[in-house]
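Got the model open in your viewer? Let's take a walk along the boundary between its domains, one selection at a time.

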Amino acid sequence: MIQMNEISREFAQGNFSRRVKVQTKDETGQLAVNFNAMADSLEKLEEMRRSFVANVSHELRSPLTSIMGYVQGVLDNTIKPDERDKYLKISLSEAQRLSKLIDELLDLSQIESGQFSLNMVVFDINEQIRRSIISYEERINQKNIDVEVDFEDEYCWVEADVDRIQQVVLNLIDNAIKYNRENGKLTIRTWKRRDKAYIKIQDRGPGIPKEDIVHIWERFYQVDKSRSSKNEGRGLGLSIVKKIIEQHEQNIWVNSRLGEGTAFIFSLKSARRPERNR
Ligand SMILES: Nc1ncnc2c1ncn2[C@@H]1O[C@H](COP(=O)(O)OP(=O)(O)OP(=O)(O)O)[C@@H](O)[C@H]1O
Ligand SMILES: [Mg+2]
């Protein structure tokens, strides 16, 4: 008991490495076992926090370093006048990347701190999907991706936070375009079963290796940093998606075959068509 007291004081200082010796099988012994288990999870959490901060600092520093370099180069003329535009454009896109990253980090911290309450409304997710596809039209055309929309019904009414689900849909379609092959295919289906609606977003990309599947939901995880879009993307999209779906108390699944493609399926609470739309 004295030992436990002493060690818990160390925990309060942020040092989670020590454990108590379990000597008896009675209640005190059980308490010691639980105490150590708690210490394990505190230590793990602290480690996650540290690596998160390290990752964030790294991700913020690299675009900033290149922006500073280019601006400096323009100012001191190491970058010749006819090359200025090119480097200013790179600087702008780096700045945009930074801004997107900061938005995503704010989203994540807001969602995680539980400060965010869901604003549940009834809406038609088919319409939301159609609009999302339109917003990506340019990239879809650039890659010559064939989009197939297969809705079980004309409308698919769901009850959810419309803005948050918009983020989910955009992130999943973004991935399905980014990782699709040239002349690939993007298939989006919605259907209803019992009290749920299901949304499936499928691509013909490279697929995700089995050993990576469990990790794709982690912040900053990218299967292959060199393959994953050298410049855009930080491995945050799916962690945000997962958090939003969890907050809705719904599920998301991934189905992937190497060399064939990947499908993400998530569920939402089905709703009846609202009065004003009848
Ligand atoms: N549809 C997909 N096909 C193949 N791999 C995918 C697919 N979606 C995600 N991945 C893999 O999972 C990783 C994590 O995805 P996530 O959306 O979180 O990050 P990202 O797309 O790299 O960056 P961000 O979403 O922050 O712009 C990706 O880097 C990629 O390796
Ligand atoms: Mg993504």
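Start by colouring the domains: the C-alpha centres of domain 1 and domain 2 lie 27 Å apart. Select 1-116 for domain 1 and 121-277 for domain 2, bounds that come from an automatic or database domain assignment. Where they meet, 17 residues of domain 1 and 15 residues of domain 2 are in contact (heavy atoms within 4.5 Å).

A word on what you are viewing: this is a predicted model, where local features need pLDDT of at least 70 and side-chain atom pairs count only at pLDDT 80 or more, while totals for chains, interfaces and linings use all residues. Residues are numbered from 1 along each chain as its sequence is written, and side-chain values use heavy atoms, with hydrogens and water left out.

Now switch on a surface. The two domains bury about 1,600 Å² between them, 55% of it on carbon and sulfur atoms; buried area is the accessible area (1.4 Å probe) that two parts lose on being put together, summed over both. Select Leu 108, Ile 111 and Phe 116 next: within domain 1 they lose the most area to domain 2, together 34% of what that side buries.

Which residue forms a salt bridge with Arg 234? Show Glu 59 as sticks: the closest N and O atoms of the pair are 2.7 Å apart. The rule finds one salt bridge across this interface (a side-chain nitrogen of Lys or Arg within 4 Å of a carboxyl oxygen of Asp or Glu).

Last stop: helices H2 (27-75) and H3 (81-112) each give two or more residues to the domain 1 side, and H3 gives the most, with 11 residues. Helices here are DSSP runs (H or I, at least four residues), numbered from the N terminus.

Key: Chains lettered and ligands numbered in written order.
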